[in-house]
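Student: I've just opened this one and feel a bit lost. Could you walk me through it?

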Amino acid sequence: MYTANEKRYDTMKYDRCGKSGLMLPAFSLGLWHNFGSADNYDNMVDMITSAFDLGITHFDLANNYGPYPGSAEENFGKIMKNELAPYRDEIIVSTKAGYGMWAGPYGDHGSRKYLISSLDQSLKRLGLEYVDIFYHHRPDPDTPMEETAAALDHIVRSGKALYVGVSNYSAEQTDKMAKIMRSLGTPLIIHQPRYNMFERWIEDGLQDVLAENGMGSISFCPLAQGLLTNKYINGIPENSRAAKASPFLTKDGITPEKIEKVVKLNAIAENRGQSLAQMACAWNLRGGKLTSVLLGASRASQITENVASLQKLDFTKDELDAIDDILK
Ligand SMILES: NC(=O)c1ccc[n+]([C@@H]2O[C@H](COP(=O)([O-])OP(=O)(O)OC[C@H]3O[C@@H](n4cnc5c(N)ncnc54)[C@H](OP(=O)(O)O)[C@@H]3O)[C@@H](O)[C@H]2O)c1
């Protein structure tokens, strides 16, 4: 049985999630890749316990993470039981529903039927009585938002989740959902958008909506799935996400145009005394608009490297201008 590092809270920063009572670590760990049924269990334990030892108290899942879908929740549940059971009250577990999960008309989208059944299934896989944050994973254009909101409100009142959030909602959809949830008496406390140096859409309206509604945010794919590191500069290394079977980052996605920008960004990072991965993490946190950055990893050393970006979060105006010029 694992025993946590006594100094685990010494270096991590924690920030309030919007106007809620929930504090989140500057870095959280996501289990989208590398926690499925075919992945190495000992490596998963090493990543989770190393993250916790660094003060990462927040672990992010979804019903469909695997493959097979659901296997990441099963593996995390096993690790919670075998290694982290004494620390449950120090840990925030998130899960989501919104993408296709089971056959038939009730295993997808945003109906009350789907969200409540899916969370019940997630809790069984996780071996937990409740999750800390439950998200609607993506907007559903066909289910009335009032129904999805009422399901989230019910989930909190039933004690199966302590807080609720949304992911992949536009600024307009988020504003509407936040207002409905407020009218029900259960605040929507967090948004989980894709955000990194290559994908900056949240700067164009969403961040204002989040501030107006007292919501926090946690960025996903902060390293553009590994592109914003120096690993692809000289080709595609074995064991990287692009070399493996993930349909989400394929070899074709690593274009010469992107690598040209990565090389220039890497030079700025080197001048700052950071790796590009560290600079990309620090860039996410600049200006204090995000509550947390949701890291993915294939090995514990990546988590250690990325969390060390906390030692240099500040940017000069010249650095930010140079980065903007490259990204234009
Ligand atoms: N809400 C949503 O719709 C949604 C969608 C996607 C993701 N997410 C969440 O966001 C989390 C993070 O997404 P992501 O995994 O795409 O994040 P990411 O941080 O953009 O990419 C993580 C990958 O980059 C590589 N990497 C990380 N640190 C590195 C380093 N220091 N040096 C070199 N390579 C490094 C690793 O890949 P390799 O070593 O394998 O190359 C790692 O698996 C997910 O686990 C999930 O929880 C949510």
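**Around the ligand**

Tutor: Helix α9 gives the most to the shell around the ligand, with three residues. Helices (H or I, at least four residues) and strands (E, at least two) are DSSP runs, numbered from the N terminus. This is a predicted model, where local features need pLDDT of at least 70 and side-chain atom pairs count only at pLDDT 80 or more, while totals for chains, interfaces and linings use all residues. Residues are numbered from 1 along each chain as its sequence is written.

Student: Which residues come nearest to the ligand?

Tutor: A residue is near a molecule if its C-beta atom, placed from the backbone, lies within 6 Å of it. Here 29 residues surround the ligand, and Gly-30, Trp-32, Phe-220, Gly-226 and Gly-296 come nearest.

Student: And how do I read the strands?

Tutor: Two strands pair if DSSP finds at least two bridges between them. In this model, eight strands form a closed barrel, β3-β4-β5-β6-β7-β8-β9-β10, with parallel pairing. For example, four bridges join β5 (residues 92-97) to β6 (residues 131-136), and Lys-96 stands opposite Tyr-135 in β6.

Student: Which residues does Ile-133 contact beyond its neighbours within four places in sequence?

Tutor: Contact means that two C-beta atoms, placed from the backbone, lie within 7 Å. With those neighbours left aside, Ile-133 is in contact with Ile-92, Ser-94, Ala-161, Tyr-163, Val-164, Gly-165 and Ile-190.
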